[in-house]
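Let's take a walk through this protein together. Have the sequence and the 3D view ready, and follow along as we go.

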Amino acid sequence: MGRRICPTDFGPGRSPRRPALRAHGLLLALCALFVLFGLIPAAPALAQASGNAAQAAKQPDKMFVEADQLVYDRDKNTISAVGNARIYYQGRTLEADRVIYNRNTGRVYAEGHAKLINKDGNIVYGDSFDMTKDFREGFVESLRSTSTEKTYFSAPHAEITQGAISVYDKGTYTACAACADNPAKPPLWRVRAKRIVHNNNEHMIYYTDAWLEFLGVPVAYVPVFSSPDPSVKRKSGILAPQTISSSILGFGVQVPVFWAIAPNYDLTWTPTYFMNEGFYNDFEWRHRLANGNYFIRANGIFQTNPNLFPESPWGAAGHTFRGSLTSRGEFLIDNYWKYGWNLTALSDKWYFWDYAFANQAGASQYYTETVSDAYLTGQGNDSYFDLRAFHFEGLTSRDIQQTQPNALLLDYNHLFGLDPAKTAGIGGDVEADFNLTSLSQEIASYSPVAGPGFNPATQLFDPTVGLYEYCQNYRPGTQVGDCLLRGIGGQQTRTTADVSWQRKFVDPIGEVWTPFAFARLNGEWLDLNTTDTYVVSNPNGGVAPYTYFNSDQTNFVGQASGVQGYAMPGAGLEYRYPFFINTSFGSAVVEPIGQIIARPNNLLGSNSLVNMDSQSLVFDETNLFAWNKYSGYDQFETGTRANYGGQATFNLKNGGYVNFIGGQSYQVAGTNGFDQPSAVNNGLGSGLETRFSDYVGALTVAPIPFLDFTAKGLFNTQNFEPDRFDIASDFNLGAWTGGVDFADYAVQPVLGYYVPREGLSVNSRYQITPHYFIQGNITFDMSRQYYPPQLTGFNNVGPWAVASEGLGAGYHDECTSLLVNYSSVYQDIGTGTIVHNQTFLVQLQLRSLGDARYSQTSYANGAQSLDR
């Protein structure tokens, strides 16, 4: 039905009875007279209803009205809009079955399905409205309101003042929508208060005599409190207090204070008082700029009872001041360049263990190291630049800070294509790669693999003998020695430039031939510190300090200082022949692969004087066809090597697939660098140390889109027994998801691994309903069955020694998140000492109102046990 200001038939109205006007033309004339002679006020003016919403948006200071009927009562001097009445004014819309405007009082009354839509999109419902003519002030009976942030107020009576302040008597507030099937049912949570004041100017909500209810049941009372309204992202004020309980620190209370100084920077001060250690302060500054952001966090405490903590190396007994300084930032220079930093400075390495809440960046409750870095990065379409400086700090009891290096790294990579027409038909792709690495370290670090203290019967080291004493008198010969040199005491700077070319050719029958060539230029400067000695705390917990002699590292390195350079060219050819197979239930692509690489045999040397960045070597299917299988720049392959194998992929029509890749490597000629003993023995036991390498392979089976299984391994050439075997499986059955991982690595005595390393990990999550879930995980350290209990602190429980486990449950909907979780970790902190770390966590978040968190953590650092 059309809506007009002047209907064709008024019908009976609330005004005194008078003849009904039925002539259409006469009605329009009368409407015009009302406006002309002031019977209907011109400001705010009543305008015709055609296209009301659009017109109201264009003329916000005009009042637009639409209704089934418009009735003017001369005696009461009122105008009534009856039937589907809708009034637009200054961005607000008032809807009701009946709206009455009293010209004497300047007030508007609305009743029957009344609704006020504010200019910000918030909607107020009520049985009746009594408002001023601009809708900025008034009273609402039986109010219910909905915000654009999906939060809800209700009250039997409410008052709106100044167009921005709403006062709810005996009101409620919640972020939970009413139940669609039963709106009268209490929401999951709500705040019920004697008086609620919502100040839209301040964007604050104030509560008086407030109860927090869950499912209609009061559970917590607060006489007075306030909170930002849901539209606020940040607001100055006192945040929710928190409590901390610790067996060493004692009971503590912290009251965070937040200052939103400007829209783009703020400061949070969190003072805390601990019963046993006194006042603790934490300051965090955050600043966002047009091209990036950063934060600085400083915290610390002057402990009143510093000797409550364990003695070194298990704790920081005797340290009066303890604290940390952390900062992180990243800024864009332009579309291609950015710089940033991530810095951490600690008073002592036990600080994050004892004051775990101070570590904002920590992803775990248990900390093993901090890494600080600053960087400059550039990224182009075909080039990459990265300059980065690192500082490492070990946080476990057996870490010695002087053995941690400082490092400066520069990487540059550029890829460009050659036009065959301009390069005498050569064409192809050229890649240039440059690396500069500079390391500085005070004390050489060693890792024993045999020698004094080694028990052949148990194939283990006696923890009562210091680990580092093993390496003092090592004199390497042609055989593997007792110790490995993991880090030098001194300085090393190395520059490496790699240039490579390759071009792919496809012949008429689909064979793919890729010739390639490369060259490496390497220059190195080494300056070992062979004169200084360092006295440090015994890393094995002994009472007497330990003296380190840097002169012992010359037993591993041929020269203490000097400059060396080498060049290593190479060339090769790769062959692939992919062919396609089509069947009734799927298609397959099978691709045999062969590769031959020729390099000189130790031309001008092939390795750096010391090996710092190539100590890790894992031979698997990912580097089977790599031109250099070492992980870094300090080592490079020599001689001629052939790599061969293949891959196959079978795609099922139901969306599943099967993929296999595998092969072997063969040293054709020259020296096999992987079978040479060295200061780190990284090639020995890798599967590449024999002329015919071990077999590598990986198989992935995903018979259906929601299930996959991957197995990969390194298999001995003599009996095909696995030297390294990994299995991983993941599934997603809708409500039920999970995964299983298993690893089994054979012994590697030359690297210090005298027992197999085995482990099994299982994780799962089940979504019971759309809102409830349970989850769990467990990890078994299956290697512990090989260790005597007197050396590990564990009873021999076979392969099912639990390394970690977790169990949790939770609830989540549009207004509430609840998580209850328990985790347990057994941690080896050295010399056979195993500690049990447990955390119980309950976290409740009420959207728009706040969150509560209770965490009790028990962890040990040697003799220390801390509950938080």
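## A strand covered on both sides

Are the two faces of strand β2 (residues 63-66) buried or exposed? Keep in mind as you look that this is a predicted model. In a regular strand, side chains take turns pointing to one face of the sheet and then the other. In β2, Met63 and Val65 sit on one side, while Phe64 and Glu66 sit on the other. These four residues are all buried, so both faces of the strand are covered, where buried means under 20% relative accessible area.

Now find the neighbour of β2. That's strand β4 (residues 78-89), which pairs with β2 in the antiparallel sense over 3 bridges. If you want one spot to zoom in on, try Val65: its bridge partner in β4 is Ile87.

## Rings that meet

Next up, aromatic rings. Searching the whole structure turns up 34 aromatic pairs. One of them is Trp211 with Tyr221: the ring centres are 5.2 Å apart and the planes are at 50°, so this pair counts as tilted. Trp211 belongs to strand β12 (residues 204-214) and Tyr221 to strand β13 (residues 217-228), so the pair ties together parts that are 10 residues apart in sequence. Trp211 is partly exposed, with a relative accessible area of 38%, and Tyr221 is partly exposed too, at 40%.

Then there's Tyr294 with Phe331. Their ring centres are 6.2 Å apart and their planes are at 40°, so this pair is tilted as well. Here the pair links distant parts of the chain, with Tyr294 in strand β21 (residues 292-302) and Phe331 in strand β22 (residues 321-332), 37 residues apart. Both Tyr294 and Phe331 are buried.

Rings can also join up in a group. Phe153, Tyr168, Tyr173, Tyr207 and Phe225 are linked by ring pairs into a cluster.

## Charges over rings

Which ring does the charged end of Arg757 sit over? It's the ring of Tyr753, and the distance to the ring centre is 3.9 Å. You can find another example at Arg765, which lies over the face of Phe773, 3.8 Å from the ring centre.

## A buried tryptophan

Last stop: Trp353, in helix α3 (residues 351-354). How buried or exposed is Trp353? Its relative accessibility is 1%, so Trp353 counts as buried. Try finding Thr396 as well: Trp353 and Thr396 are 43 residues apart in sequence, and their C-alpha atoms are 9.3 Å apart in space.

Conventions. Residues are numbered from 1 along each chain as its sequence is written. This is a predicted model: local features need pLDDT of at least 70, side-chain atom pairs count only at pLDDT 80 or more; totals for chains, interfaces and linings use all residues. Side-chain values use heavy atoms; hydrogens and water are left out. Buried means under 20% relative accessible area, exposed over 50%, partly exposed in between (1.4 Å probe, protein chains only). Two strands pair if DSSP finds at least two bridges between them. Rings of Phe, Tyr and Trp (its six-membered ring) pair if their centres lie within 6.5 Å; planes under 30 degrees apart count as stacked, over 60 as edge-to-face and the rest as tilted. A charge sits over a ring if NZ of Lys or CZ of Arg is within 6 Å of the ring centre and within 35 degrees of the ring normal.
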